[in-house]
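Visitor: I am new to this structure and would like to understand the words used for it. Could you show it to me and let me ask about them?

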Amino acid sequence: MRIATFQRFPVFDDAKTAAGRILRDLSWADDNNVDLAIFPECYLQGHSYDRSINERRALAIDDPVLLELLDPLSALKTAAIIGFIERRDAFVYNSAMLVEGGAVSGVYAKANPLEEGCKPGEDFPVWQRAGRTFGINICSDFRKPRLARKLVTRGASVICALLNMMIRADKVDHWREPAIESLRSCAIANGCWVVSSDVVGDKGDGWMSCGCTLAVRPDGTVVEKVAEWDEGAILLDID
């Protein structure tokens, strides 16, 4: 299984621009025979802890706006996991969609959301790609190890970790190593690969992310990590 995971500057309230960047990165991934590409938490519309912002940004998977954004991906073979704010019935979720051939083929909703107005997800779907079973956890999900275990008991050998470590500047150093250790601990405890995708950069309002995009083997070894404070990508082959 060949995975590409991206560390990217965040985009806020401009899903069209974010979708264009996703298309650029997925085209590169497609050219490199990537099976699965991973993008950060809430990458499509931007991350927020504010209820009103999340409600305003939310999109249903059958929303014509979302369908139009995804349509250019239809010619690509690479599947993508994309973080987004989802509207489902009367609720809002911090979710990740699996996109194949320009269509949404599955959704995971964050089970341990810290964002105001986001309902916890209750389902733990897994999917297969290139002979590997994979599932998704999102950022603060990793504070509860049992959530990753639910995916492993369903056969997942790869956990895709969508992160958005955009935090207040005075907390960046405090959370740098714990964020890495939470991913390592997940890999060791579950005997699985953990591959993360994070945003990076200075938002300009006192919030910033140094980036925590990496790949961890089942024994806890970090085999690759994108440089902090820079955009970048990892191209990983899992036998």
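Visitor: Which residues line the second largest cavity?

Guide: Keep in mind that this is a predicted model. The lining of the second largest cavity consists of Leu26, Leu73, Leu76, Thr78, Ala80, Val99, Glu100, Gly101 and Gly102.

Visitor: What makes 3 of the residues in that lining polar?

Guide: Gly counts as polar here, as do residues that are in neither the nonpolar nor the charged list. Thr78, Gly101 and Gly102 are in the lining, so they fall in the polar class. By class, the second largest cavity is lined by 5 nonpolar, 3 polar and 1 charged residues.

Visitor: Why is the space called a cavity and not a pocket?

Guide: A 1.4 Å probe fits in a cavity but cannot get out, whereas a pocket is open. The second largest cavity holds about 30 Å³ of space, and the structure has 2 cavities of 30 Å³ or more.

Visitor: What lies nearest the centre of the largest cavity?

Guide: Met165, Arg176, Cys210, Gly211 and Cys212 do, out of 14 lining residues. The volume of this largest cavity is about 90 Å³. Helix α5 provides the largest share of its lining, 5 residues, and the classes are 8 nonpolar, 2 polar and 4 charged.

Visitor: And which residues are closest to the centre of the largest pocket?

Guide: They are Leu114, Arg143, Met165, Ile167 and Trp175, among 23 lining residues. The largest pocket has a volume of about 490 Å³. Its lining has 13 nonpolar, 4 polar and 6 charged residues. Helix α5, residues 172-190, and strand β9 each supply at least two residues of this lining, and α5 gives the most, with 5 residues.

Visitor: How do you know that β9 and β12 pair?

Guide: Two strands pair if there are at least two bridges between them. Strand β9 and strand β12, residues 207-209, are joined over 2 bridges in the antiparallel sense, so they meet that cut-off. Arginine 168 has tryptophan 207 in β12 as its bridge partner.

Visitor: What makes β9 and β11 edge strands?

Guide: The open sheet has 3 strands in the order β9-β12-β11, with antiparallel pairing. Strands β9 (167-168) and β11 (201-202) each pair on one side only, and they are the edge strands.

Visitor: Why does β9 count as a strand?

Guide: A strand needs at least two residues. β9 is given as 167-168, so it meets that cut-off.

Methods: Residues numbered from 1 in each chain as written. Predicted model: local features only at pLDDT ≥ 70, side-chain atom pairs only at ≥ 80, totals over all residues. Heavy atoms only, no water. Helix = DSSP H or I, 4+ residues; strand = E, 2+ residues; numbered from the N terminus. 1 Å grid on protein atoms, 1.4 Å probe; cavity = no way out; pocket = protein on both sides within 12 Å on 5 of 7 lines; lining within 4 Å. Points joined across faces, edges and corners; volume = space filled by probe spheres on them.
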